[in-house]
Amino acid sequence: MTGGFDRLLTESELERLDEALKTQEDHDQFGGETVPLSEKWSPLDAVEVTQHQERIWLAQQQDPALQLRHALAYRLGGSPEIARLTRAVDSVTEALPELTMRYRFSDDGELLKHPTAECGETLEVVNVDSRQEAIALILARQQAPWASETEPPFIALVMFCPHEVILALIMHRIVEEMCTPEDVLANIARAYDRKSFIAPSQNVPTELTLEANDIAPVVWLRGAQTTGRIVDFGVPSSCPVATGSLAHRYGTVIETHALPVLQHPVPDIQTLLASLGTRFASFLCGLGAQEGIVASFPEQPEARLGDHSAGFAFGDTIDVLIEADAELRGAEIEVLNRLRSGVVSVPTNEKTSPEQMPKVSIRWLTEPRRFFEARTVVLERVPLPTPEIRPDFELAVGLDAEDRVVLELVTGQRIARHAGALVLDLFVGQLTGEVAGKAEGNYSSGLHYSLANAECPSMIARNLAAPQESDGAAIRTAILQEFREALATPELGVDDDFFDFGGHSLVATRIIGRLLHNHGIEVRFNDLFGNPTAAALARHARIVADAKKSVGNGSVEIHTGDSGTAIAPLALAQMSLWKIYSAFGYSEIFNLPFALDFLDPVDETVFEEAFRDLIKRHSALRTLFFEDEQGDVFQKVVPVEELQNYQWFWGSEESTNTDRNTEAGYRFDLARELPVRLRFLKDKATGRQMLSFLFQHLALDEWSVNLMMDELVEAYRARASGAVPVWSGDPKPFHDFARKQVKAGVNGEHLSYWTDMLIDAPRELVLFPDLPAATEPEDTVAGSWVEMRLKKDVSEGLYALAKDNSASLFNVVYGAISAALQKLGGLTDLVIGTSASGRTDPDYFDTVGYFTTVVAHRVRFNDGQTVGGLVRDIKELINGSMPYQDIPIDLVETALGMTPGRDHLFDVFIQIHAQNKLNGNLPTPDGGRIAFRQVDPDKHESHLGLQFEVMEEVIDGDRSIRVLMSYQAKRYAPAQVEAIRETVMEMYELFAASGASDRKLLKTNRV
């Protein structure tokens, strides 16, 4: 068992552990009973496989990704002797052979179970950096595939954190008939104290089921905590387990005197369970508009640990039907009588059928010391999320050491991330009287709404028919939940700044759309940027009577090709790209030549499998583009079953004669090839693997790249573990959006917004009238690029300026660049192009595809303008235009009498790559990670005079800003390029200086 400790512990820890093992006495040094190992309990001589074990084994073989392991974790309090504890664990696995059995299928078609002579495989001792890392390791071990022929169904982890030691037990359901977690804990404690073992309990487990008659529909509200009193026992950021595959856990502690529903400050267990369990079931009836819910209570509450996410499920429960219209006090008394009398049948009536009713489990959180009674050691429970398949809601009740009520809620995989916090907070509000409801005996209609219709407004919108004092709290709740969901920050509070947690304009677009679509709450972009906390923004929001709904495809004609494959027109933004793409001879003009440098070895076969999962999931990645005989352009999805006919991946062994720049310049034949090429290369200088990650822009935009990278990490984690990735939902296909948009046509009002702004704007940018011009031919697009890397203090100064002016980082860097160009050219106004998300329909926020539109803004300069004034003007300009971003630039140019592709509204383009996901890590099954970093492409062409790409990068928590400026050689000579670079860097330093908001921009009289 200790043979591998030298690889896991520090030298000092190894010395202490070896010394403890050498000096360990063979008798109980505390005077307890000494029992020879030969007198331990022995199982039946015959090793037979039960019917239940056969069913469990078969289910696991049919679906290796099925989660049938259960994990428990405890902090070791008191004065634990680790060497003694590890010996106790080894002794228990020797004494309970079910924990070490191996299962194999014989040639005769029989499942065989046999013990193993190998020792120590059930115990791991490891060092971790934090409790969060320990939890991530537990979840990784729990979700790893189980090789029943070679691996035991039980494993114990002893994890050394900097300030604590954590013990984790991971058990497979195949042992549940013969041995339970309670048995294991009790016998580890007895082995630790050198006491005789107790025989494990014989249990009658419930049938294995993967479906539940649940309370909420598949499409459910997006949840969030509202008061800060709910603890989210969330997933560590380093966890390799897909968040969507987890059942999440939330908890809170309530003073007993704050619960008017309780008749005694410290009620007995059955009274507490009956009171709170009945009310929770009744609460859920209103939440899901159910006629009734069967509440399942433990027949003997303290006979089990009560960890209600356990796969270990037994039939010793009492089921009670709680009807929606029942008088609450009477239902509580009935439950209490049933618990005390032990009557297990479910009463029914003419209106309801319990078999068809949804079910909720109510459990008692038993103190682990009831099972683990060892001298010098006290177990303190560490709550965990779980990858086990769970029903929608399960509630556990307990008491802490101060007799306060503990509530824990586990939400199943169908429930959106963080929704449980909102549900638990609302329930606590009813219990404490903060929210009117059935806790007072009269059911308020405030929570009585139906979730059965996926198109129905959220609870918050439905409850805000008239302005009330409580409206502000409800709006804050909705805003906070969308902030958290979009920023992936469950800890964000109601007074936390949106920008401090990585917010920017693309995220703002998502939040504003979801607030209107999901909650019927309307906020303006400038209101969000000027009031970037949930509390402040709620004061500027308003309820819209008819929230925007998704419009179906209606009667949009779906053309089909010879094979019957669905064909769609190009979306407006795609068509805008296609016009330029065809004008340049279908060249590599719209290649997206991303490249990743892997700092650690990556399994290329696993990577290919993981990305194939994404191609299957997102139809935009398997789309062909073609023109028909009339010149109309269409896109056609390649069916999944035909993917083997298309090559899109090459390993490094196939790429010895290929370099990254050659691959980046590959010219796609989009009528015959997928718009994606992945090629692994070996870097000759470093020996590391590098990935050429090439896409055709018609297939996806930057928002899509970030979506794709998030999912790639999860897919790689699953495939590396031998499993199939589990997704939390299916995004709508991009081709549905294209049909829908083409059917709706061009919004004339939106088009007029841009033409009114740009009709008399200057068409030509002249920065250096007195300097020598470049000598490149006029018809060339040759160019190059320079990098501007900002110092840390300058980057932080720009972030500070953004916060001072309630603006985004993009507003600030945009302002600095425009101010530099104004200084160089003595400009009065300047037209600048930039990209907009184009995602105005929340139904497609999770869709991979090309939505991005190019828009042009007109920036005006005036005498006496301050840095802060310019930033605020730009913020108002950009944010005010966001509702109109569905109009591509080519339609605006055409409306102004220009020729798209030849005439240009702007000669300067600025875009920001915010929170780029091309710098990150791939998880490994053992809890490690494979780091990758983006490699900048070589640029030798530029289709615009000046293009600024601002890279906002966060690597391992450190944020930095750098700017890549590309230029056309025919427009700017080297000396001019250097003058632009110097002036832009000078302006960044000016904008980053302390008190910059009030500084005036110097007017330049250059002519």
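Let me start with a word we need: a cavity here is a set of points where a 1.4 Å probe fits but cannot get out. Hello everyone, and please keep in mind that this is a predicted model.

With that word in hand, how many cavities of 30 Å³ or more does a search of the whole structure find? The search turns up seven. The largest cavity has a volume of about 100 Å³. Its lining is made up of 16 residues, and those lying nearest the centre are A71, L72, R249, D307 and L384. If you want to find this place on your screen, go to strand β1, residues 69-78: the largest share of the lining, five residues, comes from there. As for the chemistry of the lining of the largest cavity, eight residues are nonpolar, four are polar and four are charged.

Next, let's visit strand β11, which covers residues 359-364. Is this strand mostly covered or mostly open? It is mostly covered, with five of its six residues buried. Strand β11 also has pairing partners. One of them is strand β9, residues 292-298, which pairs with β11 in the parallel sense over three bridges. To see one contact there, pick A295, whose bridge partner in β11 is V360. Another partner is strand β13, residues 393-399, and here β11 pairs in the parallel sense over four bridges. In this pairing, I362 stands opposite L395 of β13.

Now to a second sheet. Which strands form it, and in what order? Six strands make an open sheet that runs β22-β23-β24-β19-β30-β29, and the pairing is mixed. At the edges sit β22 (649-650) and β29 (920-923), each of which pairs on one side only. Inside that order, strand β19 (residues 591-598) and strand β30 (residues 929-934) pair in the antiparallel sense over three bridges. A handy landmark is L596, which stands opposite Q934 in β30. While you look along these strands, remember that in a regular strand the side chains alternate between the two faces of the sheet.

On to the aromatic rings. A pair of aromatic rings is described by the distance of the centres and the angle of the planes. Over the whole structure, the search finds 33 aromatic pairs. Let me show you F280 and F427, an edge-to-face pair with 5.0 Å centre to centre and 70° between the planes. Why is this pair worth a look in the sequence as well? F280 lies in helix α6 (residues 269-288) and F427 lies in helix α8 (residues 419-432), so the pair ties together parts that are 147 residues apart in sequence. Both F280 and F427 are buried.

A further example is F598 with F607, again edge-to-face, at 6.0 Å centre to centre and 85° between the planes. F598 has a relative accessible area of 1%, so it counts as buried. F607 is buried too, at 1% relative accessibility. These two rings also belong to a cluster linked by ring pairs, whose members include F594, F611, W648, Y716 and F932.

Last, a quick word on cysteines. A disulfide is a covalent bond between the sulfur atoms of two cysteines. How many disulfides does the model have? The count comes to zero. Among the cysteines, C161 is buried with a relative accessible area of 10%, and C179 is buried with a relative accessible area of 1%.

Thank you for listening!

How values were computed
Residues are numbered from 1 along each chain as its sequence is written. This is a predicted model: local features need pLDDT of at least 70, side-chain atom pairs count only at pLDDT 80 or more; totals for chains, interfaces and linings use all residues. Side-chain values use heavy atoms; hydrogens and water are left out. On a 1 Å grid over the protein atoms alone, a cavity is a set of points where a 1.4 Å probe fits but cannot get out, and a pocket is an open set with protein on both sides within 12 Å along at least five of seven lines; lining residues have an atom within 4 Å of a point. Grid points are joined across faces, edges and corners, and a volume is the space filled by probe spheres set on the points. Helices (H or I, at least four residues) and strands (E, at least two) are DSSP runs, numbered from the N terminus. Ala, Val, Leu, Ile, Met, Phe, Trp, Tyr, Cys and Pro count as nonpolar, Asp, Glu, Lys and Arg as charged, and the others, Gly among them, as polar. Buried means under 20% relative accessible area, exposed over 50%, partly exposed in between (1.4 Å probe, protein chains only). Two strands pair if DSSP finds at least two bridges between them. A disulfide is a pair of cysteine sulfur atoms within 2.5 Å. Rings of Phe, Tyr and Trp (its six-membered ring) pair if their centres lie within 6.5 Å; planes under 30 degrees apart count as stacked, over 60 as edge-to-face and the rest as tilted.
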